[in-house]
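Below is a walk through one structure, from a single helix to the chain as a whole and then to its core.

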Amino acid sequence: MALDNAKSNGFKFVGTRPDRPDGVDKVTGRAKFGADMTAPGMLHGAILRSPHAHARINKIDTSAAEAMKGVKAVVTRKDFATDVHFESGLNGETWNVLENVMAGEKVLYDGHALAAVAATSALIARDAIKLVRVDYDLLDHVTDVDKAMEKDAPVIREGAADKSVPDGFHPNVVRYHESGHGDVDEGFSKADLVIEDSFKTEATHQGYIEPHACLGSLGNDGKGDLWCTTQGHWYAQKMCAALLNLETSQLRVTASEIGGGFGGKTTVFIEPVALALSRKANKPVKIVMSRSEVFRSTGPTSSTSMDVKIGMKKDGTITAASGVFRLQGGAFPGAPAEFTAMCAFAPYALENVRQIGYDVMANRPKQAAYRAPGSPMAAFAVESVIDDLCKALGLDPIEVRLKNASHKGTKASFGPRFEDIGLIETLEAAKAHDHYSTPLKDGQGRGISCGFWFNHGGETAVSLALSEDGTAQISVGTPDIGGSRASMALMAAEELGIPYEHIRCTIADTATLGYNEISHGSRVTYASGLATIKAAKDVVHKLCKRAAQKWDIPEDAVKWEDGCAVPSGANAGDFDPLPLHKITANMGATGGPIVGHFEATPEGAGVSFATHIVDAEVDHATGKTKIVRYTVVQDAGKAIHPTYVEGQYQGGAAQGIGWALNEEYIYGDDGRLQNAGFLDYRIPLASDLPMIDTVIVEVANPGHPYGVRGVGETSICPPLAAIANAVSAAAGIRMKQLPMSPPRIVAALKSLKDG
Amino acid sequence: MVKVYLWSGLRSLTDGKEAVDIEASNIREVLDGLQNAYPELKAPIAAGVSVAVDGKIISSDLTTSVSEESEIYLMQKLRGG
C-alpha cells in the first residue's frame with residue numbers, strides 16, 4: 001500500500017502517556033465481560049465432555065436429560081450443519097472447528113465436547129449433562145509428539161495429511177514444511193565447531209484470566225445475536241454461520257470487554273453451541289466455561305521436539321544452521337510448524353540454512369495460537385545452541401549475535417530479503433544497557449536471546465464520526481486486547497488536532513462495519529491504526545471542504561492545522577482559523593453529518609525483533625529458580641502509547657517466565673489431563689517476577705504512516721531461550737527441556753553429579 | 001515472466017522445482033499461473049498462502065504488482081496470536 005503524508009517527527013499526541021480510556025470501567029466493575037450479559041428468559045448451558053483420550057462413540061442417549069425438569073434443549077452433533085465436509089490439512093479447517101466444537105464419530109481428547117444442555121439454571125444444566133448416557137469403544141491414544149510419529153502409534157484420523165507430507169510418514173504427520181538456502185553440509189565443513197542438540201517443550205495454555213463466555217440468541221427464522229468474549233467477532237460470526245447453516249449477515253455478533261486472549265480467543269468453542277441450544281429452545285442461552293474446561297478443551301500451544309545443528313568459526317561467524325521442528329497440535333491439523341521453522345534462524349544472516357517442520361496430531365485439545373505461535377520454541381532450541389557455541393569458543397554472546405545479525409537486505413532464512421528492520425539496534429541497546437555490564441553475584445547466571453516474529457495486517461474497516469460539540473467517536477472492529485482504544489484515540493487526535501480526551505473509541509459490532517480480521521498477529525495498532533489515520537484524514541478533507549464553502553474559496557485553498565481549517569496561503573484569502581467545533585456545530589445545515597471511513601487490507605505490517613537479557617539464580621538443593629533481573633529490548637517502529645508498549649514487553653516476558661520455568665500440560669498414562677486448574681498449573685505470580693525493565697527501540701516501519709510495528713507477540717519469542725541460557729549458566733548444566741521445573745533441575749543436577 | 005520461489009516442501013507438487021517462471025503482472029496472476037502450471041498446488045494455495053514481494057509479505061491483496069525484477073516468494077499464510 002502506497003503511503004502518503006508519512007510522519008516521522010513533530011508529534012503532539014503520539015508518544016504521550018494519557019490515562020487509559022477503559023481504566024475507570026475496569027476498576028469500578030462497570031466494564032461488561034463475556035459472563036456479564038443477561039437477557040430476559042435466559043437459559044444456562046452446560047457441555048458434556050469426554051473423559052477419554054480416544055474413543056469411538058457408539059450411542060448418545062439424551063432421553064433422561066431431556067426429561068429432567070427445567071431442561072429446555074439438548075444438542076449433539078446432529079444439531080449442527082451437515083454440509084461441512086472433511087478435507088485434508090488446513091483445507092478442512094471449518095470441518096476441523098466443527099469437529100472440535102462437537103464430536104462426531106469419535107472423541108479425540110480428554111475434554112472433547114459431545115453433547116450440551118440448556119436449562120433454567122446453571123445447576124440444573126450441570127446436573128442434566130450427567131444424565132446423558134454415552135456408549136464408547138475405547139481406543140488406544142497418544143499424547144507425546146515423538147510417540148505420535150512412531151510406526152505403531154494409534155492413528156488419530158486417516159486422510160488428515162495433506163500432500164506436502166513425504167511418503168513414509170505416519171498418518172499423524174499431517175503437514176510438512178521445508179525451506180532454506182545454500183549448502184548446509186558445505187557450511188558445516190567450514191566451521192571450527194559444530195554443536196548439534198535436541199530439545200523439548202511442553203504445551204502451555206494462554207492463561208487468560210477470563211474464561212470463555214457467551215450469550216447466544218437464535219430464532220428458527222435464522223436471525224440471531226451473539227455476545228461473546230473473543231479476539232475476532234467477525235470470525236465468530238462467519239464460523240458460527242457456517243456451523244449452523246445461517247446466512248452470515250443474519251447473525252449479529254458483539255464482542256464483550258475481553259479479559260485476555262493471547263491468541264487463545266481467535267476461534268470458537270462454546271459460541272455455536274449456545275446458538276444451537278437457543279435455536280432449539282427458542283430462548284437466549286448463556287454458557288460460561290469453568291477453568292477446568294478452559295484447560296481441557298481450549299487451545300494450549302503446541303508441544304515440541306526439536307533438533308538443531310549450528311556451525312561456527314572461532315571468530316563467531318555462523319557457517320551453517322539446520323533444524324528439525326516437530327510440533328504436536330492436538331487432534332487436528334494446524335500446529336504452526338512452518339512458523340517455528342521459518343522463525344528459527346530469522347535473526348541471522350546465513351549463507352547456508354535449512355529448516356524442516358512437522359505438524360503432528362495427537363490426542364490432545366486442538367492447539368490455538370499463543371503470541372507468535374511457534375516462534376518461542378524455535379528460539380529456545382536455536383539460541384541455546386548459539387549460547388553453547390559462544391561458551392565453547394570463549395565469545396561474547398551479544399558480539400556473536402551482532403556479527404551474524406540480519407539487517408536490511410539480508411536474505412532471510414525463510415527466503416525473501418528483509419526491508420527496514422531493527423535487530424542490530426536492539427542488540428546495540430542491550431549491549432549498552434546497565435544490565436549487561438553489571439557483574440553477576442555468585443551462583444547467578446546470565447542469558448541472552450534474540451527473537452523474531454512476522455506481524456500481520458489483515459482486513460480492516462474503521463469509521464470516525466464527529467459530533468456537533470466537536471468531539472469524535474471512532475468505531476473499530478478489532479477487540480481491544482492490548483490498549484488499542486488508547487492508541488486509536490491518540491492517532492486520531494494527532495490527525496484531527498483535538499484533545500485525546502475528546503475522542504471515544506468503541507469496538508463496533510458486526511452489523512456496523514465491514515469485515516475486520518481477528519485481533520491477532522500483532523496487527524491492531526498497525527492495521528486499525530493505519531485505518532484510523534486514514535479515516536481521520538477523510539474527515540479532515542471533509543472539514544476543509546466545509547470551510548472552503550463558508551469562505552467561498554476552492555477546496556484546495558484550505559489546509560488543516562492544529563485542529564483548525566486555515567487558508568493554505570496568502571493568495572487563498574485572509575480568514576481567521578476555523579476550529580473543528582465551529583464547523584461541526586453547524587454541520588447539519590452545511591451538508592450533513594461528517595464521517596470518515598477507511599476500509600482496506602493493509603499489507604505493510606513490518607517484521608519485528610527483540611533481544612532479552614535475563615539473570616537467574618538456582619537453588620541447587622531444591623531446584624527452585626528465581627529470575628532476579630530481566631530486561632526487554634524490542635523494536636516498536638513507533639510507540640504510539642509507550643506505557644502500553646512497555647506493558648506488552650513486560651507481559652511477554654512474564655508469560656515467557658511461566659512457560660520456561662513451571663507451566664506445562666501434564667497427561668497421565670490414561671491420556672487425561674492431570675492439572676486442569678491454576679493450583680496445579682502454575683503461572684507466575686507477581687511475587688515470582690522481578691521488575692521487568694524495558695527499552696523501546698524505534699526503527700520506523702515504512703508500511704505505516706507513523707512507522708508502527710506490532711509489538712504484542714515478539715516479546716514472547718526470546719524469553720524461553722534467554723531464561724534457559726541464564727538458568728543453564730547458573731545450574732552449570734545445559735537445560736534442554738521446558739519447563740525447567742524444580743524436579744527437572746534437580747534431576748539435571750543429579751545427572752551432572754553422577755557423571 | 002516472473003520467477004516465483006516456493007518453499008521446499010512444495011517440490012513434490014512441482015516436479016522437484018523450487019522456483020517456477022510465471023507470466024504475471026500481479027499476485028492474482030502469480031497464483032493463477034502457479035495453479036495452471038501445477039494443478040497440485042491448488043490445495044496448498046487454497047489452504048492459505050502469503051506472497052513476499054521484494055521483502056514485503058502480502059497476505060491478501062491480489063492486486064499487488066509484480067515485475068521481472070521482483071523477488072517473489074510463496075509463503076504459508078500467517079496465523080498470529
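Is α18(A) mostly covered or mostly exposed? The model is predicted, and in it 15 of the 20 residues of α18(A) are buried, so the helix counts as mostly covered by the cut-off of 20 or more other C-beta atoms within 10 Å. This helix runs over residues 642-661 of chain A. From its first C-alpha to its last it reaches 28 Å, close to the 28 Å expected at 1.5 Å a residue.

The surrounding chain A contains 20 helices and 27 strands. Its radius of gyration is 27 Å, close to the 27 Å that the globule rule gives for 755 residues, so chain A is as compact as a globular protein of that length. The C-alpha trace of chain A spans about 90 × 75 × 50 Å along its principal axes. Buried residues make up 60% of the 755 in chain A. Of the contacts in chain A between residues at least 6 apart in sequence, 80% join residues at least 24 apart.

Next comes the interior. The largest nonpolar core has 265 residues, and A:Val117, A:Val273, A:Ala492 and A:Ile723 are those with the most contacts inside it. Helix α16 of chain A, residues 524-551, gives the most to this core, with 13 residues. Apart from it lies another core of 5 residues, including A:Phe262 and A:Tyr370. Leaving out residues up to four places away in sequence, A:Ile723 touches A:Gly447, A:Val614, A:Ala616, A:Ile627, A:Gly656, A:Ile657, A:Ala660 and A:Leu661.

As for confidence, the model scores ipTM 0.93 and pTM 0.97. Chain B averages a pLDDT of 92, with 100% of the residues scoring at least 70.

Key. Residues numbered from 1 in each chain as written. Chains lettered and ligands numbered in written order. Predicted model: local features only at pLDDT ≥ 70, side-chain atom pairs only at ≥ 80, totals over all residues. Core = buried A, V, L, I, M, F, W, Y, C linked by C-beta atoms within 7 Å. Buried ≥ 20, exposed ≤ 12 C-beta atoms within 10 Å, placed from the backbone. Helix = DSSP H or I, 4+ residues; strand = E, 2+ residues; numbered from the N terminus. Contact = placed C-beta atoms within 7 Å. Expected span 1.5 Å × (residues − 1). pLDDT = per-residue confidence, 0-100. Rg over C-alpha atoms; globule rule 2.2 N^0.38 Å.
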